Amino acid sequence: TGSSRPQRLLKAVQRNAAKGDPQSVISAIDYFCRHSEWAMNVGDEKGSILDSVVSEVSPTTALELGTYCGYSTVRIARLLPPGASLITLEFNPDYAAVARQVIAHSGLQDKIHLVEGPSGDSIPKLKERFGITSLDFVFLDHWKDRYVPDTKLLEECGLLRKGSVLLADNVICPGAPEYLDYVRNNPRYESRYFQSHLEYTNVEDGLEKSVFLG
Ligand SMILES: CNc1ncnc2c1ncn2[C@@H]1O[C@H](/C=C/CNC(=O)c2cc(-c3ccc(F)cc3)cc(O)c2O)[C@@H](O)[C@H]1O
Ligand SMILES: [Mg+2]
């Protein structure tokens, strides 16, 4: 019973990144994924697009679906304005345990609430649990066939307001065709595709940014 890839990724962070330095945590993970083992982090190329959208929105309340090892969690949280927070949902306890340690290493734990459990259970409880009225920014990066049901759930729970920004990873590879269809053919969303590449490869992929129009 050896280690898992997330555990090896965590070791690489603990060895190579400076504690309390989010950028060094990001760089250590990117280095590990390029030179040791590929892992499904959004990566540095798509990560720069994520950074620009987060900076533009400057969200007070942000949500991430699918924490995995916490790479994009750290990327987003490091750009949040003072007093803002990121809620990230993860149902795999082993991944959540790794992510908590990656987040702790970055020093951003005070800006992040990692909630363990399935998004379908957690989303309806966000308002009461965190005292929020709506979400300014949502990053979708969990199972691709769950993007549409969870977007509908966010709408039904009244968590989206005029101007809420959804940013979805992997709309080309592995692909989220139903999601692209949903947001691109829905008058309640204004969508735009940012072409890029699958993390650490030259395979085409991209992010879809969709603004909820209310
Ligand atoms: C359904 N509700 C849910 N609630 C909470 N957490 C959920 C979740 N679904 C999934 N998760 C978690 O999100 C993560 C899942 C992410 C799924 N992502 C992918 O499949 C993915 C896959 C690739 C990929 C691309 C090419 C390839 F050859 C192989 C893989 C690239 C990516 O960037 C990806 O994001 C895990 O940590 C999982 O435990
Ligand atoms: Mg992804």
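Let me begin with one pair of side chains: Arg161 forms a salt bridge with Asp136, and their closest N and O atoms are 2.7 Å apart. By salt bridge I mean a side-chain nitrogen of Lys or Arg within 4 Å of a carboxyl oxygen of Asp or Glu. Arg161 belongs to strand S5 and Asp136 to strand S4, so this pair ties together parts that are 25 residues apart in sequence. Helices (H or I, at least four residues) and strands (E, at least two) are DSSP runs, numbered from the N terminus.

Before I continue, a word on the basis of these values. The model is a predicted one, in which local features need pLDDT of at least 70 and side-chain atom pairs count only at pLDDT 80 or more, while totals for chains, interfaces and linings use all residues. Residues are numbered from 1 along each chain as its sequence is written, chains are lettered from A and ligands numbered from 1 in the order in which they are written, and side-chain values use heavy atoms, with hydrogens and water left out.

To return to the first pair, is Asp136 buried or exposed? Asp136 is buried, at a relative accessible area of 13%, whereas Arg161 is partly exposed at 32%. Here buried means under 20% relative accessible area, exposed means over 50%, and partly exposed lies in between, with a 1.4 Å probe and protein chains only.

By the salt-bridge rule, the count comes to 14. As general background, side chains of opposite charge can pair when their charged atoms come close. A second example is Glu37 with Arg8, at 2.5 Å from N to O. This pair also links distant parts of the chain, for Glu37 sits in the loop between H2 and H3 and Arg8 in helix H1 (residues 5-16), 29 residues apart. Glu37 is buried, with a relative accessible area of 17%, and Arg8 is partly exposed at 30%.

A third is Asp44 with Arg34, whose closest N and O atoms are 3.3 Å apart. Asp44 is in helix H3 and Arg34 in helix H2, 10 residues apart. Both partners are partly exposed: Asp44 has 26% relative accessibility, and Arg34 has 47%.

I turn now to the metal site. Which residues coordinate the magnesium ion (ligand 2)? They are Asp141 (OD), Asp169 (OD) and Asn170 (OD1), at 2.0 to 2.2 Å. Donors are N, O and S atoms within 2.8 Å of the metal (3.2 Å for Na, K and Ca), and water is not among the atoms, so sites may look incomplete. In sequence, the spacing of these donor residues is D-x27-D-N. Asp141 lies in the loop between strand S4 (135-140) and helix H8 (147-156), and Asp169 in the loop between strand S5 (160-168) and helix H9 (171-175), 28 residues apart. Asp141 is buried at 13% relative accessibility, and Asp169 is buried at 0%.

The third donor, Asn170, is found in the loop between S5 and H9 and is buried, with a relative accessible area of 4%. Its phi is near 65°, a positive value in a residue other than glycine. Most residues other than glycine have a negative phi, and most peptide bonds are trans. Ser58 likewise has a positive phi, near 45°; Ser58 lies in the loop between H3 and strand S1 (61-65) and is partly exposed at 35%. A cis peptide bond joins Cys173 and Pro174, with omega about 5°, and Pro174 is found in helix H9.

Next, helix H10 (residues 177-184). Its buried residues are Tyr179, Leu180, Tyr182 and Val183. Seen down the axis, they fall within an arc of 165°, so they line one face of the helix; the arc is that of the directions from the helix axis to the C-beta atoms. The face turned away from the buried side carries the exposed residues Pro177 and Glu178. The cover over the buried residues includes S4, H8, S5, H9, strand S6 (189-197) and strand S7 (204-212), where contact means heavy atoms within 4.5 Å.

Finally, the surface. Trp38, Met40, Phe91 and Trp143 form a nonpolar patch there, with about 440 Å² of accessible area together. Patches are made of residues with over 30% relative accessible area and no salt bridge; like charges are joined within 9 Å, and nonpolar side chains (Val, Leu, Ile, Met, Phe, Trp, Tyr) within 5 Å. Accessible areas come from the Shrake-Rupley method with a 1.4 Å probe, and for residues only the protein chains shown count as cover. Met40 is placed in the loop between H2 and helix H3 (43-57) and is partly exposed, at 36% relative accessibility.
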